[in-house]
Amino acid sequence: MKIALVQSSPRLNRSNLSEVLELIEQNSDADVVVFPELSLSGYLLQDKLFEDAWNIDELEPLAQASTACDIVVGAAIWDGGKVYNSALYFSRGALVHLHHKNHLPTYGMFEEGRYFAAGSSIRSFNTPHGPAVMVVCEDLWHAATIDAIAKSEAQIVYVLAASPTRVFSDEGIAIEAQWDALLKATALLSHNYVVFVNRVGFEDGLGFWGGSRVITPSGEVEHRLELFKSAALKVELNHSLQKLGRYLAKNF
């Protein structure tokens with residue numbers, strides 16, 4: 001299974017859709033192309049959110065593009081009269097699954113709870129490449145999320161993020177080390193590959209660090225993108241590692 005991690009730098013307007021479609025075409029030889037959180041919208045929309053949020057039927061070009069490869073993308077989505085910070089999975093010409101971010105950070109530099117409605121569930125869904133689960137950024141910072149992933153039927157975990165850079169030290173960026181620990185714990189406890197795609201670029205004083213990566217079921221960083229740079233990387237997942245992890249969990 002080949003996955004393309006697309007570490008993009010979205011803008012605060014609707015022009016992101018055309019860029020996302022171009023990037024999908026450039027990486028369509030992958031089985032799945034994965035983008036960051038709010039990659040169709042930008043992060044700090046604030047009051048502009050209700051004007052720029054997408055209706056599902058406006059994303060038909062993504063459904064059409066998914067006839068060539070599966071697509072995982074983040075967007076502000078209208079659903080039932082509310083706007084959600086969502087992850088969408090398109091495959092074979094249709095939207096297969098829609099995940100609304102459960103946990104909305106509203107502290108410090110974050111104001112998501114002021115603008116977005118919160119989702120209430122995390123569940124796996126079927127894809128042509130096996131069952132999967134999607135979560136969005138802050139979702140993974142809650143033990144209940146990792147527990148739900150571990151109990152699900154998922155065989156791969158997609159984590160979409162827009163994580164700002166903060167706390168530099170001689171050892172690097174503190175937030176990167178914290179994310180690394182969370183991603184490895186999720187992989188080890190669920191016995192799954194974890195695909196983490198974080199955005200880059202700047203918005204209104206916030207800088208996003210990138211560092212997208214793939215964690216094996218044994219908790220090792222198998223692939224990692226550079227910090228602070230827009231980039232795309234295609235990787236092959238070794239499903240024998242996943243099968244071994246699940247076998248060991250059940251038998252020892």
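Helices (H or I, at least four residues) and strands (E, at least two) are DSSP runs, numbered from the N terminus, and two strands count as paired if DSSP finds at least two bridges between them. The model is a predicted one, so local features are taken only at pLDDT of at least 70 and side-chain atom pairs only at 80 or more, while totals for chains, interfaces and linings use all residues. Residues are numbered from 1 along each chain as its sequence is written, and side-chain values rest on heavy atoms, with hydrogens and water left out.

To start with the sheet, strand 1 (residues 2-7) and strand 2 run parallel and are joined by three bridges. Ala4 has Val33 of strand 2 as its bridge partner. The open sheet has six strands in the order 5-4-3-2-1-15, with mixed pairing. Strand 5 (94-100) and strand 15 (231-236) are its edges, each pairing on one side only.

Next come the aromatic rings. Rings of Phe, Tyr and Trp (its six-membered ring) pair if their centres lie within 6.5 Å; planes under 30 degrees apart are called stacked, over 60 edge-to-face, and the rest tilted. A search of the whole structure turns up eight such pairs. In one of them, Tyr43 and Phe208 meet edge-to-face, at 6.0 Å centre to centre and with 70° between the planes. Tyr43 sits in the loop between strand 2 (32-34) and helix 2 (49-52) and Phe208 in strand 12 (residues 206-209), so this pair ties together parts 165 residues apart in sequence. Both Tyr43 and Phe208 are buried (buried is under 20% relative accessible area, exposed over 50%, partly exposed in between, with a 1.4 Å probe and protein chains only). Phe208 also has the charged end of Arg199 over its ring, 4.2 Å from the centre (a charge counts as over a ring if NZ of Lys or CZ of Arg is within 6 Å of the ring centre and within 35 degrees of the ring normal). Arg14 likewise lies over the face of Trp54, at 4.1 Å from the ring centre. Elsewhere, ring pairs link Trp141, Trp179, Phe196 and Trp209 into a cluster.

That leaves helix 5 (residues 143-151), whose buried residues are Thr145, Ile146 and Ile149. Viewed down the helix axis, they fall within an arc of 95°, so they line one face of helix 5 (the arc is that of the directions from the axis to the C-beta atoms). The face turned away from this buried side carries exposed Ala143, Ala144 and Lys151. The buried residues pack against strand 6 (132-136), strand 7 (156-161) and helix 6 (174-190), contact meaning heavy atoms within 4.5 Å.
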